[in-house]
Amino acid sequence: MNILRYFIACSLFFCSFSLLAYHCPMDIKKIDHVLASNPPLSQTQQVEVRNLRALGEQYHRSGDHDRAVQLLCQAMQILRIQ
């Protein structure tokens, strides 16, 4: 019975990483979609959003999904995406 619990715990642990990994591309698409519609942002905000989005994608590709999600979330907050 303990082996079963251990297996389930390990499975959940590793699945959580894959969920984070697949969350980043959806956020990137949301950001790109809003940016394409020319949202009412200042030039500074546009530059910041584009930089956060690029860094988020870079961290996603390198495997640091926690940092990627954090950066993409900041960009989405500026864009008021939920």
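**Around V49 and R53: Q&A on a predicted three-helix chain**

Q: Which residues does V49 touch, not counting residues up to four places away in sequence?
A: Contact here means heavy atoms within 4.5 Å. Leaving out residues up to four places away in sequence, V49 touches I31, L35, L41, A75, I78 and L79.

This is a predicted model, where local features need pLDDT of at least 70 and side-chain atom pairs count only at pLDDT 80 or more, while totals for chains, interfaces and linings use all residues. Numbering runs from 1 along each chain as its sequence is written, and side-chain values use heavy atoms, with hydrogens and water left out.

Q: Which helix supplies the largest share of the largest nonpolar core?
A: A nonpolar core is a set of buried Ala, Val, Leu, Ile, Met, Phe, Trp, Tyr and Cys residues joined through side-chain atoms within 4.5 Å. The largest one has 16 residues, with I31, V49, L79 and I81 making the most contacts inside it. Helices are DSSP runs (H or I, at least four residues), numbered from the N terminus; α1 (2-36), α2 (43-62) and α3 (65-79) each supply at least two core residues. The largest share, seven residues, comes from α3.

Q: Why does R53 count as buried?
A: Buried means under 20% relative accessible area (1.4 Å probe, protein chains only). R53 counts as buried because its relative accessibility is 17%.

Q: Which residues is R53 in contact with, leaving aside its neighbours within four places in sequence?
A: R53 lies in helix α2. Setting aside neighbours within four places in sequence, its contacts are I28, I31, D32 and L72.

Methods. Buried < 20%, exposed > 50% of the residue type's maximum accessible area, 1.4 Å probe, protein only.
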